[in-house]
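Here is a set of questions and answers on one predicted model. Look over the sequence and the coordinates, then work through the turns.

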Amino acid sequence: MRILLVEDEPRIAGDIATTLRAAGYVVETARDGEEAWFRGDTEDYDLVVLDLGLPRMDGLAVLRRWRAAGRAMPVLVLTARGAWAERVEGIDAGADDYLPKPFRMEELAARVRALIRRSVGLACPVIAAGRLSLDTSRMRISRDGVPVALSPLEYRLVAYLMHHKGRVVAVGELLEHLYGDDDAREANALEATVARLRRKLGADAILTRRGFGYAIAGEPA
Ligand code: CA
């Protein structure tokens, strides 16, 4: 899962990025409204964390432009404490949730998990597919109820496929959502990761659709 973090205060941005990376997400950051708008308009993100007070273009204007252009990714806005009018404006501009500053990083991570789940139509924090289950709040993947140890990249790959169970995910889409913009995105590396996952989760856990992509097993795709 790939998240765009828009926050102009370096210390807060650093804390949020650290929290979200530890929670298994790839995080890209934007420091001002114009950069945020451009990235959100041209790249696919699973979620955006958007501070409202930004240089060059304020967060509400950025959000309104995304929504007017049909960009539908979930957006969590960060607002000033007690600024209820700002929260109402944010939600009316198309935000899915808000968090007043200062906030606990645990709460941010929980809201992010829930918003991403909801955006793909899943209400339950535990996602089941075939013999696998993903406990999103604990970042734990189990097969037949037994937890399996995975590397961060392996986890991101299975978690993405499970969030999109019932559909074949194209290789290009996977590469875009599993790696940051600084990482080399290579289909070969993806194939090697899938091979390792099959050894850990069972040969039948991930289906290959030749020349197109991958799907999690156990669901009609
Ligand atoms: Ca700010």
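Q: Is Asp51 buried or exposed?
A: In this predicted model, the relative accessible area of Asp51 is 5%. The cut-off for buried is under 20%. Asp51 is therefore buried.

Q: Which class does the relative accessible area of Asp8 give?
A: The value for Asp8 is 27%. Buried needs under 20% and exposed needs over 50%, with partly exposed in between. So Asp8 is partly exposed.

Q: Which residues coordinate the calcium ion?
A: Two of the donors are OD atoms and one is a backbone-type label, O. The distances run from 2.2 to 2.3 Å. The residues are Asp8, Asp51 and Gly53.Q: What spacing do the donors of the calcium ion follow along the chain, and how many residues apart are Asp8 and Asp51?
A: The donors follow D-x42-D-x1-G. Asp8 sits in the loop between strand 1 and helix 1 (10-22), while Asp51 is in strand 3. The pair links distant parts of the chain, 43 residues apart.

Q: Which strands stand at the edges of the five-stranded open sheet?
A: The strand order is 2-1-3-4-5, with parallel pairing. An edge strand here has a single partner, so one side of it is left without a neighbour in the sheet. Neighbouring strands are turned by 20° against each other on average, direction ignored. The edges are strand 2 (26-30) and strand 5 (97-100).

Q: In strand 5, what is the bridge partner of Val77?
A: Strand 4 (residues 75-79) and strand 5 pair in the parallel sense. Four bridges make up this pairing. In strand 5, the partner of Val77 is Tyr98.

Q: What angle does the direction of helix 5 make with that of strand 5?
A: Helix 5 (residues 105-119) packs on the sheet. It touches strand 1 (2-6), strand 3 (47-51), strand 4 and strand 5. Its direction makes an angle with that of strand 5 of about 175°.

Q: Where is Ser142, and is it buried or exposed?
A: Ser142 lies in strand 8 (residues 140-143). Not counting residues up to four places away in sequence, it touches Arg131, Leu132, Ser133, Pro147 and Val148. Its relative accessibility is 8%, so Ser142 counts as buried.

Q: Which residue in the turn between strand 7 and strand 8 has a positive phi?
A: Strand 7 (residues 132-135) and strand 8 run antiparallel, joined by four bridges. Leu132 has Arg143 as its bridge partner in strand 8. The two strands form a hairpin with four residues between them. The residue with a phi of about 55° is Met139.

Q: Which residue in the turn between strand 8 and strand 9 has a positive phi?
A: Three bridges join strand 8 to strand 9 (residues 146-148), again antiparallel. Ile141 stands opposite Val148. Two residues lie between the strands of this hairpin. The one with a phi of about 50° is Asp144.

Q: What span should helix 6 have at 1.5 Å a residue?
A: Helix 6 (residues 152-163) has twelve residues. The expected span is 1.5 Å times one less than the number of residues. The end C-alpha atoms are 16 Å apart, which agrees with the expected 16 Å.

Q: How many of the twelve residues of helix 6 are buried?
A: Among the buried ones are Leu153, Tyr155, Arg156 and His163. Helix 6 is largely enclosed by the rest of the structure, because the number buried is eleven.

Q: What distance separates the centres of domain 1 and domain 2?
A: The domain assignment gives domain 1 (2-119) and domain 2 (126-216). Their contact takes 14 residues from domain 1 and 13 residues from domain 2. Taken over C-alpha atoms, the centres are separated by 26 Å.

Terms used:
Residues are numbered from 1 along each chain as its sequence is written. This is a predicted model: local features need pLDDT of at least 70, side-chain atom pairs count only at pLDDT 80 or more; totals for chains, interfaces and linings use all residues. Side-chain values use heavy atoms; hydrogens and water are left out. Buried means under 20% relative accessible area, exposed over 50%, partly exposed in between (1.4 Å probe, protein chains only). Contact means heavy atoms within 4.5 Å. Two strands pair if DSSP finds at least two bridges between them. Axes are lines fitted to C-alpha atoms, for helices over the stretch in contact, and angles run from 0 to 180 degrees between N-to-C directions. Donors are N, O and S atoms within 2.8 Å of the metal (3.2 Å for Na, K and Ca); water is not among the atoms, so sites may look incomplete. Domain bounds come from an automatic or database domain assignment.
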